[in-house]
Amino acid sequence: MVLQLRVHSLYKRGISFFVSSSLRNLSTASLLLNSDQTTGEPLVKSELEALVLKQYSHGKFYSLVKNAVALPSVLLAACQNLSLAANSGVSSTELADCVSRRFSIEEMGREIREGKFDIRSCCVEFVSSRENGRCESLVLPNLKLKVLIEAIRMVLEIVYDDRFATFSYGGRVGMGRHTAIRYLKNSVENPRWWFRVSFAREMFDDRNVDKLCGFVGEKINDGLLIEMIKKLFEFGILRIELGGCNSGRGFPQECGLSSILINVYFDGLDKEIQDMRLKTKLKNPRVSDTGEEESTCNVFFKPVNLYAVRYLDEILLITSGSKMLTMDLKKRIVDILEQRLDLKVDRVNTAIHSAVSEKISFLGMYLQAVPPSVLRPPMSEKAVRAMKKYQRQKEVRRLELRNARERNRKKLGLKIFRHVLKKLKQSNGFRCEYEIENEVRDVFQRWEEEVMQEFLGSLEERWKWHWLLTRGDFLSLRHIREKLPQDLIDAYDEFQEQVDKHLAPTQAKRVLEDEERRVEEEEEQRYAERTVEDLTKLCMKVSAPEELIRKAVKLVGFTNSLGRPRPISHLLALEDSDIIKWYAGVGRKWLDFFCCCHNYRMVKIIVSYHMRFSCILTLAEKHRSTKREAIRHYTKDLKVCDLNGSEEAHFPLEREVKMMGDKNLSDPRPVDGTLSLLLIRLASDEPLHSCAASFCERSDTIMYRVHLLQNRLHINPLDEEKWVHGMGTIHSALNRKCLPLCSTHISHVYLGKMTLQDVDGSSFVDLSHSIDSHNFSPSSFANKIALTYRRAPVVIPESGMNVCPLEFNEYIPCHNITYVQQLLPSLNVSRREELERHCPPLEQRLFCLVPPPKDYKIPIRWPTSRDYVWRSNVNHTHLAQVKGGQNWVHEQGISEDEFTLDTNFWREQVNRYWELMNVNETEVRNVMDTNAFIGGFAAAMNSYPVWVMNVVPATMNDTLSGIYQRGLTGAYHDWCEPFSTYPRTYDLIHADNLLSHYHIYGEGCLLEDVMLEMDRIIRPQGFIIIRDEESIISRVRDLALKFLWEVETHELQNKYKKTQTVLFCRKKFWAIV
């Protein structure tokens, strides 16, 4: 143990020492022995640091993978970091159990030590198709590989963090964007010239990877680690792009090792810059006229300083010297980057700028050198008037408070005297039940202090009392003093001394004049100091890019072309709380990121006004209401109710926004990821997958589809005219991919607490790819395409049954419009017989295989199909063209938003139905939905032990194919005719806007006819739930008693969150006796 402590301390001092090979081998053997054992607790940082430093010898680290990375306790610590990054927050015991259910830590460590860990098998590849025909692939690690990457990062952080330069930011604890900005604001003085190094946009190639591995090998002697880094680059998991704007922003395409490896690659440049800074400081010492170094501050001195800040691949150099010095510095920096590091520098954009007259963009903000008065301007006349007005109001409030205290004292005194008088009258003597002496003394003491304070602050009062108390000056006459007693004279003299000491008006006036003179001198001194400071000093002003922020606000859709708030239609499919959380996540990230900017007020206005009212307008458009109604419902604070019914506000309050300022944030991520990402909930609540967040065990997940801003707007992010300069993007290969998330983690994603970098890469699901891969190719069959009719005898060709032409893909034998037209003269049109079934004879029926329509896909299997289907399988226009004359097929597609809205709405309503019916689930088995639309009601009933018959009225839109695609049962029916079923068949009949349809369109039957048919097929004690217009509801309520129905009315919400009256009718149990 003593030897270990010495090793640790010597390494901290940078001293290389020798450890015998036998002792090191013994330590390694013990570590390998311990690594085979099960480790239940992850290592803390101090323990990991001691473990890594044990491998240090002769100026290098040896076998870090075998002796550190591969240890189960280190891998478990990496798992803990990933779970904390995903806000899982599980304990170490729960984490170990969670990891063991996914993979074996011990087996993984053994594979890493033996070099048998298969990185390729832990990769998931996604391909995006571009408009120019090119395809870009994205490779993401699964959770197991992410654990290995995190373990390597933790070890490299301990090795390199203390070696990095002090101006190296990014990928380090407590060294983020805001730390760099605060360094520029607080430490840079008198900047004159600066330049920002710009790189040509390119990925790390093999030469750069070899150089990086060489830099790592200078400090770490571990071939297994170098091989792993090369494989990560080779398989595309580790991607380093210079000249872009995606580094350090939490995007999924960024590997966890990217930041620290960038710092390792640029560490040599940082050392060179550090040497340049020291040499510049030595060349420009502060000297006096005699040539000696001057330490006093009696002369103005502007030293030549060199400042540098590097955040990953963004490098900023600042000098307070001449332009020639800056040009020489730039040349040396560019030579190092191009010759030593093999990087391509964009020399055009790496230009020198004047710090005073030109702004420079760095870390998403604008920098400029300004006098101190710009950052801390003096109070304007308007502000001075406001301050004086405030002081007058404060004085008025003070007087009101004083008068109130006087009144309270008088009341208290009167109460005390009344009480004493009452006690004296009732008894011979006064005996108080409790002591009031202390209370009375405190009251009079406070009164005494206030009176004295007011007296001493008034010069007029002193004049008055000094004159009153000195009117006895005749006692100072000698012939009078001789006749008075000596004690009286001494007392008078002592009293006059005290009066002159405390009440002399001349002395009081002198004190007040001195105080006023001191205040004026201090003000003049401050003004002189500010003037000299403005003339001799320059400070750093940090500003948010107003034009870029407004362009981003307009691009996303928060505002229209006039800059006024507008709704975002793509958010209408989300829940109300998710819409508010998405806006809140964007707003809070903007406020956090730009909190250190001088024009922070502009960002507050955008969040507090434009985004707030855009959210209100989006909610209003979703529910088809006005802005005033939305504000009345959600309030301006955008409050929503949680699962427990309590209100919660995710969007920053107006008062909260006003009080926001520069916070001590380590590294707030930019808003790019949250701004460009929309997760739209699919109409599915089936727990097909576990949550995609790292080590989240919840299975009550919902599938969300990724919608990216650049794909939604069809804009190339490289086009700076249409896109926002400096705004990063999530890789387009993830567009429209699906992701299962639990309620907690989807909330964290919307609020910006979690990014797609914190999810398991293998959790992304490509539904279209997985389904389309099962489509069959028609070229694999030998059947002929030919229109064939049934003949006797029946003969099947040797090549197989003929296939009907494509235009017959919706052929229904008994609903052939051509055959019906032939029968038209013999049909009674007044009774609409042409709409009935008319089956042709055998010789006129087709005898060929009905082909599927164009773009037909294999239906999604149950129960997933209950909540979403392929639109190409449902929206067939050919059927509408052929059968249009029968008025039972209409060409009208169903949008994804309408599909999602219908499914989510019925899921909520069905739960309310069961509560209001107040019956056991076993009492209802057969259910009929008389106007099923797309089967949302039946899909919502799936979690109950019921069977649902979906009926699509023949005179409404054709949605039966959509019901079948969802794996549900359905049929067409005209409710002016009897339904083909045995009486008393169903336990529950649901009628949603059915009766008003027949009433409005005059389909030839009365309201009573439909109600009579409902009564025929409903069982005694069965329920009939009717949702319809108010006039229909009123009419049904009047007729229900005549049908022997019990009626209850309930107020529920419709799809657009408006109140609607719903009838709950129940058929009475009666019989003929």
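Which domains give residues to the lining of the largest cavity? Domain 2 (164-204 + 239-282 + 302-377 + 533-543) and domain 3 (549-758) both do, so the cavity lies between them. This is a predicted model, and the points below should be read with that in mind.

1. **Cavities.** Let me stay with that cavity for a moment. Searching the whole structure turns up four cavities of 30 Å³ or more. The largest one has a volume of about 120 Å³. Its lining is made of 14 residues, and those lying nearest its centre are Gly673, Thr674, Met754, Thr755 and Leu756. By residue type, the lining of the largest cavity splits into eight nonpolar, four polar and two charged. As for how one finds such places, rolling a probe the size of a water molecule over the atoms shows where empty space is left.

2. **A stacked aromatic pair.** The count of aromatic pairs comes to 20. Take Phe204 and Phe233: their ring centres are 6.4 Å apart and their planes sit at 15°, so I'd call this pair stacked. The centre distance falls within the 6.5 Å limit for a pair, and planes under 30 degrees apart count as stacked. The two residues come from distant parts of the chain, 29 residues apart: Phe204 is in the loop between β7 (202-203) and α10 (206-219), while Phe233 is in helix α11 (residues 223-234). Phe204 and Phe233 are both buried.

3. **An edge-to-face pair.** Now look at Phe215 and Tyr265. Their ring centres are 5.6 Å apart with the planes at 65°, so this pair is edge-to-face. Here too distant parts of the chain are linked, with Phe215 in helix α10 and Tyr265 in helix α12 (residues 258-265), 50 residues apart. Are these two buried or partly exposed? Phe215 counts as partly exposed, at 23% relative accessibility, whereas Tyr265, at 0%, counts as buried.

4. **The cluster around them.** The two pairs are worth viewing together. Phe204, Phe233, Phe215 and Tyr265 belong to one aromatic cluster, along with Phe199 and Phe266.

5. **Met228.** While you have helix α11 on screen, find Met228, which is in that helix. Met228 has a relative accessible area of 7%, so it is buried. Its C-alpha lies 9.7 Å from that of Ile152, though 76 residues separate Met228 and Ile152 in sequence.

6. **The five-stranded sheet.** What is the order of the strands in the open sheet? The order is β5-β10-β11-β6-β12, five strands with mixed pairing. β5 (168-169) and β12 (352-354) are the edge strands, each pairing on one side only. Inside the sheet, β10 (residues 306-311) and β11 (residues 314-319) are antiparallel and share six bridges. To get your bearings on that pairing, start from Tyr307, whose bridge partner in β11 is Ile318.

7. **Asp346.** Close to the sheet's edge in sequence terms, you can pick up the loop between α14 (323-340) and β12, where Asp346 is found. At 23% relative accessibility, Asp346 counts as partly exposed. The C-alpha atoms of Asp346 and Gly243 are separated by 8.9 Å, with their positions 103 residues apart along the chain.

8. **The β13-β14-β15 pairing.** Strand β14 (residues 365-370) has a partner in β13 (residues 360-362), joined to it by three antiparallel bridges, and another in β15 (residues 539-543), with five bridges, also antiparallel. For landmarks, Ile360 has Leu367 as its bridge partner in β14, and Val370 stands opposite Cys539 in β15. β13 and β14 make a hairpin with two residues between them, and Leu363 in the turn has a positive phi of about 60°. Strand β14 is mostly covered, with five of its six residues buried.

9. **Helix α7.** One last stop is helix α7 (residues 105-113), where the buried residues include Ile105, Met108, Gly109, Glu111, Ile112 and Arg113. Note that charged residues, Glu111 and Arg113, are among those buried here. Just after the helix, Gly115 takes a positive phi of about 70°.

Technical notes. Residues numbered from 1 in each chain as written. Predicted model: local features only at pLDDT ≥ 70, side-chain atom pairs only at ≥ 80, totals over all residues. Heavy atoms only, no water. Phe/Tyr/Trp six-rings, centres within 6.5 Å; stacked < 30°, edge-to-face > 60°. Helix = DSSP H or I, 4+ residues; strand = E, 2+ residues; numbered from the N terminus. Buried < 20%, exposed > 50% of the residue type's maximum accessible area, 1.4 Å probe, protein only. 1 Å grid on protein atoms, 1.4 Å probe; cavity = no way out; pocket = protein on both sides within 12 Å on 5 of 7 lines; lining within 4 Å. Points joined across faces, edges and corners; volume = space filled by probe spheres on them. Domains from an automatic or database assignment. Pairing = 2+ DSSP bridges.
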